[in-house]
Amino acid sequence: MAVDFILPTGLRVDEPVAVAEDLVESGFTGEATVKVAALSRDSLGNDSEPLVRAMLSEHRIDVPVTQDEDSEYRVLLRASGYWNLAIHFFEGPFYARIPAWDDQGPLDRALVTMLDQRDHLTTPDDRDAVEREMRAVVRNHVAAL
């Protein structure tokens, strides 16, 4: 849910509301969590964003506010490596910003190579193995949030 703030689809309020409801039902009574639990599941993402951010903060999950495409990319990169964000959310922004081969750093070059390798595989298990390797490479190059 934390990454939803920067995905093109935006924040889906039904997910944080369901999580908040479960937390309240289990006895957690943090103010921000209770406020999110009280939201309608079809609330607008823009209107609910401050409440959901406050709830996440209440649970020690810091969601960075992105200012531009570069900062959004850094969050997606970390999320793909550390939070198992589906690679397809990361892949588009990655290809949009990737420099020419001679200008790539070790991380960019490794990811380009692995994405190409993954695209030529035919079984889901083989593709998953490459994606796991990509996540490990990201973790080796990028600090956690």
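The legends below cover several views of one predicted model.

**View 1. The fold of the chain is helical, with seven helices and zero strands.** From the N terminus on, the order of elements is α-α-α-α-α-α-α. Along the principal axes, the C-alpha atoms fill a box of roughly 50 × 35 × 25 Å.

**View 2. Burial and contacts across the chain.** The chain has 145 residues, and 37% of them count as buried. Among contacts with a separation of 6 or more, 52% join residues 24 or more positions apart.

**View 3. Surface and charge of the chain.** The accessible surface comes to about 8,600 Å². Carbon and sulfur atoms contribute 50% of that surface. The chain carries 14 positive and 27 negative charges. The mean positions of the two sets lie 4 Å apart.

**View 4. Close-up of R60, a residue in the loop between α3 and α4.** Helix α3 spans 45-58 and helix α4 spans 69-82. R60 has a positive phi, near 65°, and is a residue other than glycine. The relative accessible area of R60 is 81%, so R60 is exposed. The cut-off for exposed is over 50%.

**View 5. Close-up of N84, a residue in the loop between α4 and α5.** Helix α5 covers 87-97. Phi of N84 is near 60°, again a positive value in a residue other than glycine. N84 counts as exposed because its relative accessibility is 53%.

Notes: Residues numbered from 1 in each chain as written. Predicted model: local features only at pLDDT ≥ 70, side-chain atom pairs only at ≥ 80, totals over all residues. Heavy atoms only, no water. Helix = DSSP H or I, 4+ residues; strand = E, 2+ residues; numbered from the N terminus. Buried < 20%, exposed > 50% of the residue type's maximum accessible area, 1.4 Å probe, protein only. Contact = heavy atoms within 4.5 Å. Areas by Shrake-Rupley, 256 points an atom, 1.4 Å probe, with all protein chains shown as cover. Lys, Arg positive; Asp, Glu negative; His and termini not counted. Charge placed at Lys NZ, Arg CZ, Asp CG, Glu CD.
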